[in-house]
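Before any single interaction is read in detail, it helps to settle how far the coordinates can be trusted and then to move from one region to the next. Please keep the sequence and the model side by side while reading.

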Amino acid sequence: AHQDDRTESVPIKNIERELICPICKELFTHPLILPCQHSVCHKCVRELLLLNHEDSFDAGSECSLPGSPGPRSRVPSPSMERLDRLARSGWRRGSVTPRITTFPCPGCQHDVDLGERGMSMLFRNFTLESIVERYRQAARAAVAIMCNMCKPPQQEATKSCMDCKASYCNECFKFHHPWGTPKAQHEYVGPTMNFRPKVLMCPEHEMEKVNMYCEVCRRPVCHLCKLGGSHANHKVTTMSSAYKILKEKLSKAIHYLISKEDQVKTQISHLEVLINETEEKGQLAERRTDENFERLFETLQERKFEMLRSIEQSRTRRLDQLRGQVDEYQGMLENSGLVGYAQEVLKETDQSCFVQTAKQLHTRIAKSTESLRTFHPVADPSFDEFVLDTSREETLLKELCFGGVPDPPIIDLSRSRVYNEGLVCWQLAEDTLATDHQVLEYRKLGVEQDEEEGGSRWRPTVPVYGPSTVVCDLEANSLYSFRVRSCRNSFYSPYSPEVTFHTPPAPVFGFLFNDKCGFSSERLTLSKLRDSVESAAGMAFLLAAERVQTGSYMGLDYIIGDTGISQGRHYWAFRVEPHSYLVKVGVASDSKLLEWIHNPRDTSSPRYDHDSGHDSGSEDTCYDLSQPFTLLTVGMGKVFIPKASISSATAGNDHGNRVLPMPQRIGVYLDYEAGRVYFYDANTMRCLYERQVDCTGTMYPAFGLMGSGKVHLEEFIAAKRLSYM
């Protein structure tokens, strides 16, 4: 009893943080309970799901903020009833048609899928509404709830009718609920603005009351939900039993927390000490880091001064030498310098005096004459020896980090695949300590947005807690650069080396191999997930060959994708095992597939089979015709390009133009409207071959195998299909 008294004595004003919507950060208004048991305002859920809409109900006086209520209470609008009606109707009005039905819960970030019924599947949290109303009343303090029926001046309300959803003073209540009438039986409570239905109705079966509790979905259900609805196979209990059990659990949990109040206060004090310590040590770390960089700046300034002084000294010395050489050569000119002086000496008539002066002068002139013949500047104007290579230092500075910073991860090119969506994988550094998360950044190259950066700005992903992530909404036929870095204890590693990927010219097309349409289980083996197919040259192959006496044996076993294409542009990729003998890859229409399936496959001559893949000349005869199929021949580690795609000038003398090494991955791009199919090296996105194809019917990815061979669909291609199965 003492514990109950303590529980009930908690002031309503102290629980405000529990009454705030995590989206709008205001008091809850008509809260809805999500499947994960978190509550969100009705209007906030609707804003997450809908675009370009108007409010479908008037929130009335409940939307007023605590502490700033209006001077008079407003008449309750019919918004509550309209909300219930709209919820039960499944939101069929055109102005509130949902565009999406899935959104992340703001409380736990788990995806909430409302399904086809949308918001109509969510219960209103009437208990939370009542608590919010009591909080509003406590916040309003002296502001009373007024009678909705009085003529001015209004009287203070003394009762609220839960059936009429209105508040009354004593006189108005007696007048509108006279004795002996059905209204006299209405349920009334104290003055309130929160009118909720007497009975909670099932959102899926709107005429049924909820009377059971589903322990799997953790929500109230009606008997129809259990008999034949979505909860038919779930474990349910009676509402009274669930009420008793949950109330007991909640009471025990509350009592436990209250009994640990001293422990909680001690832990709060400890956390406050940690907060102060974190603040102080963080400021100390900032000061030390700033001092370290100041020392680096000083060292750089000293080195800069010394190196600039060396350049200045060398420049001054060279200029002095060159200017002295200029003066020397100026003396060789007539009537100036050495020549002028020699001319004056020649005027001397005294022989002894002339000889005395002329000997030294002749030596000087001889030296000048020699330097004139072998002219060479005394100083080199080049300052190549003063070129400073700071690339190593710049790299060291870029990698400058704290001791606890992890090493950068490395993007794994062998496992990464980029289409209009990109699966980027990386290998973490071989560190002894684990990292908290990684952040992948990417940008489109070749964008004239920032020439210095060489492309658009880097776009980071949300933190990734694993070795891979998926990047969406990449543009087709574009070049993207990716980099990743790790984070540990708020310290980021340097970026990994950048890698580039070229996106295909169309969105990725997801499919699996079809195990029904024309599939030969005797000759072909499918994997369990239907993402790879293998042809083995077994006993059936030998028995068929034994019946052949003349001609060439041909045993192509066809298999197609389980999804067809009737419009648009699509791209898919796969891998052919290098040991495969002969594999045909491409597209085929539904009409051609029927022909392949119903015609006998035992024997035929490749010269009469246009898609045989042999060098029979058949490709030349059919290339100009728009066929309902196109298959490219791959086998024995090679790709064979049809003759008609090679120019006549080179087709006859360059067999190498038609035989290319088989790529590790092959891509196929089908443009249905243009009626063209393209074959790519999926690693480099280089087009190997293209041609016209008749797309009058439904086109399917098609494969033909003969002898030993194996084809693997890209994991991302198969995953796109498996996610819908």
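What follows goes from confidence to the long helix, then to the strands, and finally to the aromatic rings.

The model is predicted, and the mean pLDDT of the chain is 77, with 76% of its residues reaching 70 or more. Two stretches call for particular caution: over residues 549-553 the pLDDT stays under 50, and the model gives this stretch ten contacts beyond four places in sequence, while residues 646-653 also have a pLDDT below 50, with five contacts in the model beyond near neighbours in sequence. Where pLDDT is low, the predicted coordinates should not be read in detail.

Helix α8 spans residues 261-330, and its 70 residues reach 101 Å from the first C-alpha to the last, which is close to the 104 Å expected at 1.5 Å a residue. Within α8, the residues Ser314, Arg318, Gln325 and Tyr329 are buried, and what covers the buried residues of this helix includes α10 (351-373). An α-helix has 3.6 residues a turn, so residues three or four places apart point the same way.

Among the strands, β7, β6 and β8 form an open sheet of three with the order β7-β6-β8 and antiparallel pairing. The edges are β7 (166-168) and β8 (188-189), each of which pairs on one side only. Strand β6 (residues 159-161) is joined to β8 by two bridges, the two running antiparallel, and cysteine 161 stands opposite tyrosine 188 in β8. Lysine 159 lies over the face of phenylalanine 173, at 5.5 Å from the ring centre.

Further along the chain, strands β30 (residues 676-681) and β31 (residues 686-692) run antiparallel and are joined by six bridges, with valine 677 having arginine 691 in β31 as its bridge partner. These two strands form a hairpin with four residues between them, and methionine 685 in the turn has a positive phi of about 55 degrees.

The structure holds 15 aromatic pairs. One of them joins tyrosine 442 and phenylalanine 482, which are stacked at 5.9 Å centre to centre with 25 degrees between the planes. This pair links distant parts of the chain, since tyrosine 442 belongs to strand β15 (residues 437-444) and phenylalanine 482 to strand β18 (residues 479-488), 40 residues apart. Are these two residues buried or exposed? Tyrosine 442 counts as buried because its relative accessibility is 10%, under the 20% cut-off, and phenylalanine 482 is buried as well, with a relative accessible area of 0%. Another stacked pair is formed by tyrosine 669 and tyrosine 678, at 5.0 Å centre to centre and with 20 degrees between the planes, and both tyrosine 669 and tyrosine 678 are buried. Ring pairs also link Tyr442, Tyr480, Phe482 and Phe501 into a cluster.

Strand β18 also contains arginine 483, which lies over the face of tyrosine 495 at 3.6 Å from the ring centre. Arginine 483 is buried, with a relative accessible area of 14%. Leaving aside neighbours within four places in sequence, its contacts are Ile411, Val439, Leu440, Glu441, Trp458, Tyr495, Ser496 and Glu498, so that the ring of tyrosine 495 beneath arginine 483 belongs to a residue in this list of contacts.

Notes
Residues are numbered from 1 along each chain as its sequence is written. This is a predicted model: local features need pLDDT of at least 70, side-chain atom pairs count only at pLDDT 80 or more; totals for chains, interfaces and linings use all residues. Side-chain values use heavy atoms; hydrogens and water are left out. Two strands pair if DSSP finds at least two bridges between them. pLDDT is the predictor's confidence in each residue, from 0 to 100. Contact means heavy atoms within 4.5 Å. Rings of Phe, Tyr and Trp (its six-membered ring) pair if their centres lie within 6.5 Å; planes under 30 degrees apart count as stacked, over 60 as edge-to-face and the rest as tilted. Buried means under 20% relative accessible area, exposed over 50%, partly exposed in between (1.4 Å probe, protein chains only). A charge sits over a ring if NZ of Lys or CZ of Arg is within 6 Å of the ring centre and within 35 degrees of the ring normal. The expected span of a helix is 1.5 Å times one less than its number of residues.
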